[in-house]
Amino acid sequence: MSTTDWTASAQGTGQYAKVNDINLYFETHGAGRPLILLHGGLGSGEMFGPILPALGERHQVIAVDLQGHGRTADIDRPIDIRLMADDIAALIDHLGLDKPDVVGYSLGGGVALLTAVKYPAKVRKLVAASAHIRTDAVYPEMRAQQAQVSAAAAEFMKDTPMFELYQRVAPRPGDFPRLLDKIGAAMAKDWDFSEEVRGLQVPALIVAADADMAPPSHYTEVFQLLDGGLRDGGWMGEGRPKGGHALAILPGLTHYNIFSSPLLAAVTLAFLDDQPS
């Protein structure tokens, strides 16, 4: 992971919501139309510290710590983006939000995507950053590294930002090896959400770094499933994807720093605020 200082911004207001038998932690930043923000694996909402001020200028940002991450303690169930999507839908109801935008990175991007797929009536727009939709989209050398993620790796991760953050904020700091086991088990499964993406009813922005965990061609493929990149857009935009979808490949970034990049904030705000719903 990046050595970026994940906590380099103003603090928000932290609260817990009891949903689906999990005590879900979230922080609220800024004001405006609500935006639910979902972090990557082994991180927390603090990963977005450098871009939270920009997002919070125009939105009420609700940065959630997902199951077993950050200040949300783990519960007795697998780490599964489908189950965590249920948590986010329940949080939307718990907070009485009227169709918030949902923005996620990596693991959180998958959760955001599945939230929009399963609960289209609850989500206005979706931004999924660095979230591949097929297991085999990831480079083979990265899949080999993912296969090594387990409790046994905890000792080797003690100098990483993920471990330091977990030790500082987690309700049960000793659960870090357990989290690694669950993340490793989740990554070891084969999955393909192509059909779910094809049927997506919520306007979506697909975002990736130009040197991401999967090649740019994969994110272009996702865009094509959403009716994008199949024809000329037209002078008046009449050839753009019918569902209001968009694609952004961000230059000079990787999977390990895109979450804190001003470019991610810029394209997210442009899509959420500047395009018609």
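Student: Which residues line the second largest cavity?
Tutor: In this predicted model, the second largest cavity is lined by Leu113, Ala128, Ala131, Ile133, Ile206, Val207, Tyr219 and Val222.

Student: And what classes do those lining residues fall into, nonpolar, polar or charged?
Tutor: The lining of the second largest cavity has 8 nonpolar residues, with no polar and no charged residues among them.

Student: What volume does that cavity have?
Tutor: The volume of the second largest cavity is about 50 Å³, and the structure holds 3 cavities of 30 Å³ or more.

Student: Which helix and which strand each supply at least two residues of its lining?
Tutor: Those are strand S7, which runs over 204-211, and helix H8, which covers 216-225.

Student: Switching to pockets, how much space lies in the largest one?
Tutor: The largest pocket encloses about 1,100 Å³ of space, and of the 39 residues that line this pocket, Gln146, Val149, Ile183, Met187 and Met213 are the closest to its centre.

Student: Which helices each give at least two residues to that lining?
Tutor: Helix H2 (81-95), helix H3 (107-118), helix H4 (140-146) and helix H6 (176-188) each supply at least two residues of the lining of the largest pocket.

Student: OK, which one gives the most?
Tutor: H3 gives the most to the lining of the largest pocket, contributing 4 residues.

Student: How does the pocket lining divide by class?
Tutor: For the largest pocket, the lining divides into 24 nonpolar, 11 polar and 4 charged residues, whereas the lining of the second largest cavity has no polar and no charged residues.

Notes: Residues are numbered from 1 along each chain as its sequence is written. This is a predicted model: local features need pLDDT of at least 70, side-chain atom pairs count only at pLDDT 80 or more; totals for chains, interfaces and linings use all residues. Side-chain values use heavy atoms; hydrogens and water are left out. On a 1 Å grid over the protein atoms alone, a cavity is a set of points where a 1.4 Å probe fits but cannot get out, and a pocket is an open set with protein on both sides within 12 Å along at least five of seven lines; lining residues have an atom within 4 Å of a point. Grid points are joined across faces, edges and corners, and a volume is the space filled by probe spheres set on the points. Ala, Val, Leu, Ile, Met, Phe, Trp, Tyr, Cys and Pro count as nonpolar, Asp, Glu, Lys and Arg as charged, and the others, Gly among them, as polar.
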